[in-house]
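Colleague: I would like a close look at the strands in this model, and at how they line up with one another. Please take your time and spell out the terms as you go.

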Amino acid sequence: MKKEFYHLIRDPRSLILAFIIPLCLILLFGYALSLDVNNVGTVVVDYDHSDVSRDLIIHLGASPYFHIEGYVRDAAQVTEYLDHGYTSVGVIIPPDFSRNIRSDRETPIQVLMDGSDPNFSNITRGYVNAFIQGYNQKLLTQFLNRNGMESIKPPVEGRIRVWFNEDLESRQFIIPGIIAVIIMIVGAILTSLVIAREYENGTMETIKSLPINAGELLVGKAIPYFFIALTDVLISVFLGQILFGVVMKASFWIMILASSLYIFVALALGLLISTVTKSQLLANQGAILITYLPSFLLSNFVFPITNMPKVLQFVTYIVPATYYINILSGIYLKDLGLFNLWPSFVVLVFMFILLATVNMILLKKEGL
Amino acid sequence: MNWLRIRELVRKEFIVLFRDERNRRVMVVAPIIMLLLFGYVVNYDIKNIRVALIDQAHTSESRKFIETFSGNKIFMIKSYLQDPKELEQLLLMGKVDLGIKIAPDMGSRIRKGETAAVEILVDGSMSNMASIRIAYTMLILETFNQNLIKEIKGRDINYGRIDARIRTWYNPNLDSQHFFIPGIVAFVVMLISLLLTSIAVIKEREQGTMEQLIVTPLKAAELIIGKTLPYIVISVVQMIVVTIIAKFWFSIPIAGSLVLLFFATCLFLLSTMGVGLFISTVSSTQQQAMMTTFFFILPFFMLSGFVFPIANMPLGVQWLTYLNPLRYFLMIIRGIFLKGVGLHVLWPQYLAMAVIGLILFAGAIGRFHKRLD
């Protein structure tokens with residue numbers, strides 16, 4: 001174990017990277033990466049040039065969801081802007097717009113939207129519909145007042161209450177999720193190299209001749225990385241809280257317990273990959289493929305599991321990060337305790353025991 | 001410059017690469033797995049919004065209300081409950097996305113011409129999905145209201161209302177795969193080319209064979225070309241393979257020109273080869289090289305607009321993305337796949353990528369020279 005520490009200290013760059021990568025990830029995700037949609041860039045073509053159309057445009061611009069970037073000449077220019085990616089939405093008001101509204105006829109307006117990014121355009125479409133609905137309500141009231149009719153109340157009103165993430169900020173679920181990714185990077189990818197390195201340098205034979213058994217070797221190899229990973233977790237929690245206001249709703253100690261457990265699983269996985277591949281290049285490729293990518297993709301981190309095909313949904317059950325992220329979202333967003341989260345804990349413990357046992361058996365076979 | 005020597009070096013490099021069966025697997029299988037995985041996972045399509053319902057009114061109005069949801073393909077009613085506590089539990093466990101609670105007075109209020117409140121609880125954990133689900137729910141409510149008013153008043157109220165005709169371009173069905181798979185193609189090419197290049201040089205150094213190469217009559221320029229050419233070829237082949245999979249497996253339409261796509265790939269590889277060589281000059285072990293590669297790939301990936309839109313980033317970070325070659329490659333690849341635009345729109349991206357690529361490649365060669373002397 002001491003030897004592994006020396007290795008780490010002698011190679012300060014790997015050590016620094018082990019801390020810098022998490023730091024960068026947290027800052028990056030916290031500041032820069034967001035799936036929320038605000039201030040959608042919008043251009044307007046007003047063929048009508050009336051006070052009615054201007055009123056519509058003013059209301060559109062006043063909404064926090066749209067940002068009017070300017071007027072353009074005609075529909076062809078909207079197309080050009082969309083092709084270049086200068087704008088995301090183009091609103092085209094036809095020449096008979098105000099005439100139709102004044103004579104109580106339904107009138108179309110055309111909304112062109114860059115639909116390449118489905119997340120963005122789905123949300124934007126919701127904004128457009130909501131805006132038009134609100135504006136129609138206003139037009140209806142004007143119409144009823146003008147004709148001296150009593151107002152019509154909508155029969156049903158939806159009182160929407162958002163739970164767990166009241167302000168609908170994507171950072172509230174991205175920051176906890178990124179902790180799981182960080183642990184996998186630091187835990188599994190770094191440790192995946194340590195046993196392979198012994199094989200490649202030929203020092204495995206030396207170790208075999210030492211009075212040390214497989215269990216001791218694994219523990220010794222893992223402990224330095226355990227502390228590095230745990231430090232990374234603490235840094236992430238701390239930064240998430242003070243910089244981005246991502247605060248745990250449940251107990252800090254459950255978080256530490258879950259994290260330690262998950263780090264154990266990550267380390268066991270990394271060491272197993274290392275034992276099996278015996279080559280640093282392959283171990284690294286394997287670690288990226290087996291640990292990093294699934295914990296990023298198949299864990300409900302930013303990509304919803306419920307949207308995946310059935311086969312992949314089954315695969316997510318064997319990805320450790322799925323359970324850890326489930327625990328984290330319970331702790332960060334939902335204020336759940338051990339009482340609700342114990343199944344995920346049990347699965348993680350089971351995974352750890354399985355991975356460690358397999359690794360020991362393999363090393364024993366090698367003659368350790 | 002002696003092309004014969006380069007040819008021999010390239011041949012040696014290919015032999016070394018393909019001799020190891022596991023290496024072959026990494027090169028051939030890894031990109032395909034990644035494309036398939038990403039292709040199916042990265043999916044923001046809205047389908048099957050899972051709903052739990054509590055109907056405390058049990059009147060014809062409330063039943064009609066429920067029918068508008070159950071009759072809609074997007075909503076999937078998972079369970080009808082009695083107890084609000086059960087609903088909370090389902091939301092907590094993430095079993096449903098939406099809870100709808102109809103108060104006992106719904107029927108009587110509607111008949112009196114008053115507004116009845118329907119409580120809608122939304123799991124906001126994934127905020128982007130939640131926003132979309134809320135928007136769909138509001139749309140359903142609006143349709144229900146309009147039909148009911150028509151029924152109560154016995155006629156349509158014709159007033160000058162606006163009908164927004166929304167047309168989404170480039171990806172009219174808002175299909176996630178159409179958007180993400182071209183991005184994955186770009187990402188796979190970057191990952192493999194970057195990693196292979198940096199490892200190729202380091203391995204020579206680690207095994208001490210670099211010294212042997214230096215004492216051969218190979219010139220530095222020949223060495224660099226010989227070392228990068230095989231990986232350029234491999235990356236281009238991979239690009240072709242993943243594009244074919246995208247086209248025929250995922251049925252992603254390619255609206256634009258394949259020649260332009262090929263051209264863009266070559267320009268992009270200039271950057272990745274440059275970064276790969278640079279990494280090889282600053283690292284001395286494979287572990288270091290891999291960690292450093294990772295260190296480069298993460299910001300390349302995150303700050304490219306692949307999943308997270310650049311327009312959402314703070315201005316300072318947006319400026320940073322202009323230095324990212326993947327940003328331009330993604331814009332080109334999406335432009336070609338989805339929009340079918342050509343050079344007259346994309347030339348600034350090509351230019352930027354060429355400039356960045358040349359600078360990176362030249363810089364890396366400069367450093368590489370120094371290390372050799």
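Modeller: Happy to; here is a walk through the strands, one sheet at a time.

This is a predicted model, in which local features need pLDDT of at least 70, side-chain atom pairs count only at pLDDT 80 or more, and totals for chains, interfaces and linings use all residues. Residues are numbered from 1 along each chain as its sequence is written, chains are lettered from A and ligands numbered from 1 in the order in which they are written, and side-chain values use heavy atoms, leaving out hydrogens and water.

Let's start with the open sheet ordered E2(A)-E1(A)-E3(A)-E4(A)-E5(B), which has five strands and mixed pairing. Strands here are DSSP runs of E with at least two residues, helices are runs of H or I with at least four, and both are numbered from the N terminus; two strands pair if DSSP finds at least two bridges between them. At the edges stand E2 (66–71) of chain A and E5 (162–169) of chain B, each pairing on one side only. Neighbours in this sheet are turned against each other by 25° on average, direction ignored (axes are lines fitted to C-alpha atoms, for helices over the stretch in contact, with angles from 0 to 180 degrees between N-to-C directions).

Now look where the chains meet in this sheet: E4(A) and E5(B) are parallel and share eight bridges. Within that pairing, Pro108(A) sits opposite Asp163(B) of E5(B).

Strand E4 (residues 107–114) of chain A also holds Asp114(A), whose partner Lys339(B) lies in helix H13 (residues 325–339) of chain B, so this pair too crosses between chains. The two form a salt bridge, with their closest N and O atoms 3.6 Å apart (a side-chain nitrogen of Lys or Arg within 4 Å of a carboxyl oxygen of Asp or Glu). Over all chains, the structure holds twelve salt bridges.

The other sheet to look at is ordered E5(A)-E4(B)-E3(B)-E1(B)-E2(B), again five strands in an open, mixed arrangement. Its edges are E5 (156–163) of chain A and E2 (75–81) of chain B; each has a single partner strand, so one side of each has no neighbour in the sheet. Neighbouring strands here are turned by 25° on average, direction ignored.

Finally, follow strand E1 (residues 49–55) of chain B: six bridges join E1(B) to E2(B), and the two run parallel. One of the residues to find there is Val51(B), whose bridge partner in E2(B) is Ile77(B).
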